[in-house]
Amino acid sequence: MEYRIFVQIPGVRLADEASWERLIGWLEGNHGDLGPVISWDDSTTARITVATNAEDAAAAAEVATGAVSRALHATDLGALYPHAIEVESVDAKESLAA
């Protein structure tokens, strides 16, 4: 089943273009198959959106958070971490608990 996963990361500031461009660039270069997109919930909280096929919502969340965590470490943002994860079934377009 295909899932869309939203990973919220406090501390990724919209004004710090160098940091978030490195972060999304790393994700695109290393996990481009997930179709990563970055947006902001507010000026200090980034939201990374990815999509993947997985057996269930928990497996989809694991793929997404693993990719985002690796990206944070690889781009010198390792002090930050995913704060909230929302998983949505693309077929049902409903949010699922992860």
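This is a short presentation on the confidence, nonpolar core, side-chain pairs and selected residues of one predicted model.

Good morning, colleagues. I begin with confidence. The structure is a prediction, and the chain has a mean pLDDT of 94, with 93% of its residues at 70 or more. Confidence varies between the elements: strand S3, residues 45–53, has the highest mean pLDDT, at 98, while strand S5, residues 94–96, has the lowest, at 57.

Let me turn to the interior. The largest nonpolar core contains 25 residues. The residues with the most contacts inside this core are Tyr3, Ile5, Val7, Ile9, Leu23, Ile38 and Ile48. Four elements, S1, H1, S3 and H2, each give two or more residues to the core. Which of the elements gives the most to this core? That element is H2, with eight residues.

Ile9 is a useful place from which to look around. Leaving aside residues up to four places away in sequence, Ile9 touches Leu23, Thr44, Thr45, Ala46, Ile48, Val68, Leu72, Leu80, Tyr81 and Pro82. Two of these partners, Leu23 and Ile48, are themselves named among the residues with the most contacts inside the core.

Another of the partners of Ile9 is Thr45, which lies in strand S3. Thr45 has a relative accessibility of 10% and therefore counts as buried. With the exclusion of residues up to four places away in sequence, Thr45 touches Gln8, Ile9, Pro10, Val12, Ser39 and Trp40.

I move now to helix H2, which spans residues 57–74, and to two of its residues. Ala67 is located in this helix. Is Ala67 buried or exposed? Its relative accessibility is 1%, so Ala67 counts as buried. Beyond residues up to four places away in sequence, Ala67 touches Trp26, Leu27, His31 and Leu34. For one of these partners, Trp26, the separation along the chain is 41 residues, and the C-alpha atoms of Ala67 and Trp26 are 9.8 Å apart.

The second residue in H2 is Thr65. Its relative accessible area is 17%, and Thr65 is therefore buried. A polar atom of the Thr65 side chain lies 3.4 Å from the backbone oxygen of Glu62.

Next, the charged pairs. How many salt bridges does a search of the whole structure find? The search finds two. In one of them, Glu88 pairs with Arg4, and the closest N and O atoms are 2.6 Å apart. This pair links distant parts of the chain, with Glu88 in strand S4, residues 84–89, and Arg4 in strand S1, residues 2–10, 84 residues apart. As for the surroundings of the two partners, Glu88 is buried, given its relative accessible area of 14%, whereas Arg4 has a relative accessibility of 26% and counts as partly exposed.

The other salt bridge joins Arg47 to Asp41, with 2.9 Å between the closest N and O atoms. Asp41 has a relative accessible area of 35% and is therefore partly exposed.

There is also an aromatic pair to report. A search of the whole structure finds one such pair. Why is the pair of Trp20 and Trp40 edge-to-face? The ring centres are 5.0 Å apart and the planes stand at 70 degrees; an angle over 60 degrees counts as edge-to-face. This pair, too, links distant parts of the chain: Trp20 belongs to helix H1 and Trp40 to strand S2, residues 37–42, and the two are 20 residues apart. Trp20 is buried, since its relative accessible area is 16%. Trp40, at 21%, is partly exposed, because the limit for buried is under 20%. Trp40 is also one of the residues that Thr45 touches.

Helix H1, residues 17–31, also holds Glu28. Glu28 has a relative accessibility of 48% and so counts as partly exposed. Glu28 and Phe6 are 22 residues apart in sequence, and their C-alpha atoms are 16 Å apart in space.

I close with a point of backbone geometry. Most residues other than glycine have a negative phi. Asp76 is not a glycine, yet has a positive phi of about 60 degrees. Where does Asp76 lie? Asp76 is in the loop between H2 and S4. With a relative accessible area of 70%, Asp76 is exposed.

Thank you for your attention.

Definitions and conventions
Residues are numbered from 1 along each chain as its sequence is written. This is a predicted model: local features need pLDDT of at least 70, side-chain atom pairs count only at pLDDT 80 or more; totals for chains, interfaces and linings use all residues. Side-chain values use heavy atoms; hydrogens and water are left out. Buried means under 20% relative accessible area, exposed over 50%, partly exposed in between (1.4 Å probe, protein chains only). pLDDT is the predictor's confidence in each residue, from 0 to 100. A salt bridge is a side-chain nitrogen of Lys or Arg within 4 Å of a carboxyl oxygen of Asp or Glu. A polar contact is a pair of N or O atoms within 3.5 Å; within protein, one must be able to donate a hydrogen and the other to accept it, and residues adjacent in sequence count only if both atoms are side-chain atoms. Rings of Phe, Tyr and Trp (its six-membered ring) pair if their centres lie within 6.5 Å; planes under 30 degrees apart count as stacked, over 60 as edge-to-face and the rest as tilted. A nonpolar core is a set of buried Ala, Val, Leu, Ile, Met, Phe, Trp, Tyr and Cys residues joined through side-chain atoms within 4.5 Å. Contact means heavy atoms within 4.5 Å.
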